[in-house]
Amino acid sequence: MAEPVAVKLTQKDFKSDQEVRWCPGCGDYAILAAVQSFMPELKIPRERTVFVSGIGCSSRFPYYMNTYGMHSIHGRAPAIATGLSVSRPDLSVWVVTGDGDALSIGGNHLIHALRRNVNLKILLFNNRIYGLTKGQYSPTSEIGKITKSTPVGSADSPFNPLSLALGAEATFVARTLDSDRKHLQSVLRAAAEHNGSAFVEIYQNCNIFNDGAFETLKDPATRDEYLIRLEHGQPITFGADGQRCVVHPPGGFGLEVRDTASVDPADIVVHDATVSEPAYAFALSRLPGLDLRNTPIGVFRKVDRPSYDELVVSQVETAKAKATGTPEDQLAGLLTTGDTWTIL
Amino acid sequence: MAKQVRQLDRVVIRFAGDSGDGMQLTGDRFTSETAQLGNDISTLPNFPAEIRAPAGTLPGVSSFQVHFADTDILTPGDAPNVLVAMNPAALKANVGDLPRGADIIVNTDEFTKRNLTKVGYAANPLEDGSLDGYSLHPVALTAMTIGALADHDVSKKDAERAKNMFALGLLSWMYSRPYDSTLRFLERKFAARPELVAANIAAFKAGWNFGETTEDFGVRYEVKPAKMSPGTYRNITGNQALSLGLVAAGVRSGLPVFLGAYPITPASDILHELSKHKRFGVTTMQAEDEIAAIGAALGASYGGSLGITTTSGPGVALKGETISLAVALELPLVIIDVQRAGPSTGLPTKTEQADLNMALFGRHGEAPVAVVAPRSPSDCFFAALEAARIALTYRTPVILLSDNYVANGSEPWLLPEVDSLPDLRVEFATEPNGEDGKTFLPYLRDPVTMARPWAIPGTPGLEHRIGGLEKADKTGDISYDPANHDFMVRTRAARIEGIPVPDIEVEDPDGDARTLVLGWGSTYGPIGAACRALRQRGLPIAQAHLRHLSPMPANLGEVLKGYDRVVIPEMNLGQLAHVIRARFLVDAIPYNQVSGLPFTAAKLESMLEEVVKNG
């Protein structure tokens, strides 16, 4: 993992000289500003920070960060970032991706990065639509979605990105909102501190092709009723006065939402992100309905497991430590391994 | 009875049996013994794609051919002088390749009615006179092996499995091979089970003694050592040599090596081999798919490693988009394609050279890369170093086109001195390169190599962003400017075309040939053998062989125009011929074979004779 050092940086240091070219009003601006203003607190020098992205609106992100960065190929950012991270454990490697990039064309790389627990911080901007290609439905669009490519409604069932990540046994899984800078930064902080893959879904508004997709989670009139703010070690209650809560009904597999008044306070689930069995966090990920009611945000899961990077690097380092002689001598020894013969 | 000893200058032996009979191992051991003796050698394994096809069937036949001689040889031989057939299927699958008079050693225990029926023999060929034209040696290999191991503490199954060692012992006796290396090998292989060491050695010695005592084998042969350059040798396959070349590239560049690979025949052995050499700073990653494998390698290159991915044709097809990205990013990347017969899954264990078009042209957009091809198993070592040299010096993807024939074939390799290998050290960018002394221009090129600076993450002050979008010259900023795109496309093409590669050399000992044979890659051996044979018969012919397919040697056009006729034999439908015709307006004559098998020297010889004589 990239180690912090005494370095004084400000938000301005992380702004590149490139003109930001997202549509006016795009949720990506808020995320960019939040990330740029959050980076200094990590105390990781800019040159040791790398943003790798795929293709899509969100994937323009690296151009706007004054760090090292690569805008790569559709869906492949986790694979490219894996090679970088494993070969350069001194770097802090971030992947910026979208719902199409990460879950459709790049689904395979995402789940494999997560199951390996590569030391990547993966930010998935989920706007539930294809923006850059001008408005086709995405793998997180709701069934029945009417778009340019589905004039009578999509027949595809959407992925639940957190359920998918948890199915891959990701060691850190969280969700946050583009418009809530404080919450967004608290989640980024936790992700940055995590050793291994950190998967963060950021609900992001595409005001051109899917405007208001998450409005109920943002509108002050509705958000308290719709959002569940997870806090480690706290009973899960929500609503303006905490009138709703999450319980684990006996005999059931999952979690359910009840009126707090109707349950024994001892039955309210106390959030524990460190539960090693992913089933708990998975159950949390299943709470929201199609209308986004009961949407938890915050850190669902944060468990310790050695990162792929550490394991791979330690194999190489162990082998190197055992070797003696210069690399040239070792190579000469390797070439003459096995049955050799000499002609005079 | 003292046996007669007869001197031979060359022998081709083919060991054939069921895929579970251990024929590859037997051939490998015989080869090693032969190498110890100092003969020149060339080998050709031929095995089915199925791991264990149904026992005793034709599709399950696996064979290993070894050609050894007292002179320098170039191919594993066209027709075996000796066939060892462990069952009726092995006999049936191979007998057609034998010249009349060849020795056939058969395991009679497997010639049961059931086994004969399985492969469509109506009568037993050992008895019906159909093999009268050959020198047939019926040997009860299984029964004698089991008999020899009666006192050993091994199961009947293990005893029976040692029959390949009995056969090896017999052949080792017949050709007077030194067998110390085989005994040492068995001790290593079965180190955990001493009873198997003893049993296998006993089976080997029983085979040897059987040769010495039986009257059926009245003659013993010797093939004297070949005159070879002084030095230390080992026998090596192409995949092994390629792996060692990649390790050597890491050592000589001083860079960590990162291999991203997805298992695929016939390239997987490179992944297996490199995974053993972590002490050289080699990291191997078995990725989730071909695309991830090259992606991870490119990511590692971006971070300052020598990024490599190994695969076969189907994998290269999947990697195309990432190769294009590497072209745009101008980062070093080595892509190894061990070609196999296509299209699609094709014949995964058979050879072909039909990925040349894909290597040269198989990407979207104008995406030129460098392409190199090894000519023989041991040459894979040097081709790997050359691919790494070009990739590192010119910051470009390089495709190395090996194929199943060189990858699995073997030959003696005169081991090079490490100090004699090319110096591949590179310099990373460490300082701003803009005129103001503060700006970093990631696409400002070196005036000589046209390479852009390799500024790796972690370098303070050089933070920059790269990507697949078209970049402005010098600054690397996103640019949609038409003139800039035109300039960048031409620049990327020019920088590949401008890579200096050695001139092509022509082999024409008497200098009076009017016909030139041009080849590339693994056809070097059969073409060379055919040319030698023609010259021995007084027919002049010139041979030139391409190692660099992109860019091509600067003198190639001149060389081609110096001959009346240019013939291009390839294991595809004329892909190089097409390029040569288009590029040099030379009316090259393609000669093509796509059978999954390498050319035989004899076939090329007769084709070339026709061209030389009749034009």
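**View 1. Helices α4(B) and α8(B) meet in a right-handed crossing.** In this predicted model, α4 spans residues 141–148 of chain B and α8 spans residues 194–213 of chain B. The two helices pack at an angle of about 120°, with their axes 9 Å apart. That angle makes α4(B) oblique to α8(B). To find the meeting point, look for B:Met144, B:Thr145 and B:Ala148 on α4(B), which meet B:Ala202, B:Ala203, B:Ala206 and B:Phe210 on α8(B). Sorted by character, the residues of this contact are 6 nonpolar, 1 polar and no charged.

**View 2. Helix α6(B) also packs against α8(B), again with a right-handed crossing.** Stay with α8(B) and turn to α6, which covers residues 163–174 of chain B. The axes of α6(B) and α8(B) come within 7 Å and cross at roughly 40°. With such an angle, α6(B) and α8(B) are therefore oblique to each other. Many side chains can be picked out here: on α6(B) they include B:Met165, B:Phe166, B:Leu170 and B:Trp173, and on α8(B) they include B:Phe204, B:Trp208 and B:Phe210. Among the glycines in this contact are B:Gly169 of α6(B) and B:Gly207 of α8(B). The residues of the contact divide into 12 nonpolar, 5 polar and 3 charged.

**View 3. In chain A, helix α1 packs obliquely on helix α6.** Here we move to α1 (residues 27–38) and α6 (residues 181–193) of chain A. Their axes lie 10 Å apart, and the helices pack at an angle of about 55°. α1(A) and α6(A) are therefore oblique to each other, and α1(A) passes α6(A) in a right-handed crossing. From α1(A), the contact is made by A:Ala30, A:Ile31, A:Ala34, A:Val35 and A:Phe38, while α6(A) brings A:Arg181, A:Leu184, A:Gln185 and A:Leu188. Of the residues in this contact, 7 are nonpolar, 1 is polar and 1 is charged.

**View 4. Chains A and B share a contact built from both sides.** Chain A gives 54 residues to this contact and chain B gives 57 residues. On the chain A side, the elements that give two or more residues are β2 (68–71), α2 (77–87), α4 (107–116), α10 (308–322), α11 (327–335) and β12 (340–343). Which of these elements gives the most? It is α2(A), with 8 residues. The chain A side as a whole divides into 25 nonpolar, 19 polar and 10 charged residues.

**View 5. A strand of chain A pairs with a strand of chain B.** Zoom in on β12(A) and you will see β9 of chain B (residues 231–237) alongside. The two strands pair in the antiparallel sense over 4 bridges. One partnership to look for joins A:Thr342 to its bridge partner B:Thr232 in β9(B).

**View 6. Three strands of chain A form an open sheet.** The order is β8-β9-β10, with antiparallel pairing. β8 (237–238) and β10 (256–259) of chain A are the edge strands, each pairing on one side only. β9 (residues 244–247) of chain A pairs with β10(A) in the antiparallel sense over 4 bridges. In that pairing, A:Val247 has A:Glu256 of β10(A) as its bridge partner.

**View 7. Five strands of chain B form an open sheet with mixed pairing.** Follow the strands in the order β18-β20-β19-β22-β23. At the edges stand β18 (506–507) and β23 (589–592) of chain B, each with a single partner strand, so one side of each is left without a neighbour in the sheet. Within the sheet, β19 (residues 515–520) and β22 (residues 565–570) of chain B pair in the parallel sense over 3 bridges, and B:Val517 stands opposite B:Val567 in β22(B). Helix α19 (residues 575–584) of chain B packs on this sheet, touching β19, β22 and β23, and its direction makes about 150° with that of β22(B). Helix α20 (residues 601–614) of chain B also touches β19, β22 and β23 as it packs on the sheet, with its direction at about 165° to that of β22(B).

**View 8. Two annotated stretches come from UniProt records.** For chain A, an unreviewed UniProt entry lists "domain: Thiamine pyrophosphate enzyme TPP-binding" over residues 55–202. Over residues 55–202 the chain is 32% helix and 20% strand, and the end C-alpha atoms are 17 Å apart. For chain B, an unreviewed UniProt entry lists "domain: Pyruvate/ketoisovalerate oxidoreductase catalytic" over residues 20–207. Residues 20–207 of chain B are 41% helix and 16% strand, with the end C-alpha atoms 20 Å apart.

Terms used
Residues are numbered from 1 along each chain as its sequence is written. Chains are lettered from A and ligands numbered from 1 in the order in which they are written. This is a predicted model: local features need pLDDT of at least 70, side-chain atom pairs count only at pLDDT 80 or more; totals for chains, interfaces and linings use all residues. UniProt positions are given in the numbering used here, feature names are shortened, and annotations may be inferred rather than shown by experiment. Two residues are in contact if their C-beta atoms, placed from the backbone, lie within 7 Å. Ala, Val, Leu, Ile, Met, Phe, Trp, Tyr, Cys and Pro count as nonpolar, Asp, Glu, Lys and Arg as charged, and the others, Gly among them, as polar. Two strands pair if DSSP finds at least two bridges between them. Axes are lines fitted to C-alpha atoms, for helices over the stretch in contact, and angles run from 0 to 180 degrees between N-to-C directions. Angles under 35 degrees count as roughly parallel, over 145 as roughly antiparallel, 65 to 115 as roughly perpendicular and the rest as oblique. A crossing is left-handed if the near helix is turned anticlockwise from the far one by less than a right angle, and right-handed if clockwise.
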